[in-house]
Amino acid sequence: MSEESKQSEVMIYYWPIQFRGNFLKLILEEKGIKYSCTRDWESMQQLMAKEIKQREFPYFAPPILKHGDFISSQMAASAQYLAKKYNMDAKSLEDSTHALMICMNANDILCELTRNCGAQQWTDVKDWQTFKSTRLVRWLDILTELLQRNASNDTKDAEKALFYFGTDVTYADTSVFHVLYSLISFMRMKDLVESSYPLLYRFYEQIYSRPNINAFIKQQEADKLEWCGGLIEKSMLAMMEQEQGQQKK
């Protein structure tokens, strides 16, 4: 890594939404690292309109991470870079690999929730409910089991902090937190998570209470930042409204 990368401010190029950009931002917020990010649609549209050869680095899609002369565009690779740089990765090679796996799991969950990042919209509430009761539940089962397999966790004492590795926060924790926050806050699934996955809900509340993360989330809420935006967010909100209407009947 060059001296420029060591000393320069971190820059995140991403749409003004939460979605996959928060995976990177949560790492930086937790560690108190100063960074800048794009805040408008126009600048991102200009960036993405450039021909590949005109781009500073041949990225495909945001979030794009820039740190000095280093640029990365795959979210999980960028998250791992930040985690290693700022001491939020798991310690051993094996745990580090599993931390990356958990980050990629979290990204896959968001991709499935948004039907391949908006490639399709949700149009049938039955499909939405089937997804929730099959694939989403399977993912939550996996996240629960991985949390339980950290031998350092005391799963019985509700006052003890829970982590995916060891006894301190890693980017695996912030990645899973982002998924859980999305489910609970945006997708109205608090009852599902709290009643069926109490360990995950306890984990979610503990990570949410961390001062830097709490302040960051509250600021995004105050800014009324969209979750994923566009037609896919509208279609998801429509599914939630239809579901809510069915429950009232």
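**A tour starting at Tyr208**

Select Tyr208 to begin: with a relative accessible area of 17%, Tyr208 is buried, a word used here for residues under 20% relative accessible area, while exposed means over 50% and partly exposed lies in between (1.4 Å probe, protein chains only). Before going further, note that this is a predicted model, in which local features need pLDDT of at least 70 and side-chain atom pairs count only at pLDDT 80 or more, whereas totals for chains, interfaces and linings use all residues. Residues are numbered from 1 along each chain as its sequence is written, and side-chain values use heavy atoms, with hydrogens and water left out.

Keep Tyr208 on screen and add Tyr204, which is buried too, with a relative accessible area of 6%. Tyr204 and Tyr208 both lie in helix H10, 4 residues apart, about one turn of the helix; helices (H or I, at least four residues) and strands (E, at least two) are DSSP runs, numbered from the N terminus. An α-helix has 3.6 residues a turn, so residues three or four places apart point the same way.

Next, show the aromatic rings, of which the structure holds 13 pairs. Rings of Phe, Tyr and Trp (its six-membered ring) pair if their centres lie within 6.5 Å, and planes under 30 degrees apart count as stacked, over 60 as edge-to-face and the rest as tilted. Select Tyr181 together with Tyr208: their ring centres are 6.1 Å apart and their planes stand at 75°, so this pair is edge-to-face. The pair links distant parts of the chain, since Tyr181 belongs to helix H8 (residues 171-186) and Tyr208 to helix H10 (residues 198-208), 27 residues apart. Tyr204 and Tyr208, by contrast, make a tilted pair, 5.6 Å centre to centre with 50° between the planes. Now widen the selection to Phe177, Tyr181, Tyr201, Tyr204 and Tyr208, which form one aromatic cluster.

Follow Tyr181 back into H8, where 15 of the 16 residues are buried. From its first C-alpha to its last, H8 reaches 21 Å, close to the 22 Å expected at 1.5 Å a residue, the expected span being 1.5 Å times one less than the number of residues. Just after H8, select Arg188, which takes a positive phi of about 60°.

For a last stop, go to Ser73, in the loop between strand S4 (70-72) and helix H4 (75-85). Ser73 is buried, with a relative accessible area of 15%, and, leaving aside its neighbours within four places in sequence, Ser73 is in contact (heavy atoms within 4.5 Å) with Tyr59, Phe60, Ala61, Pro63, Ile64 and Ser78.
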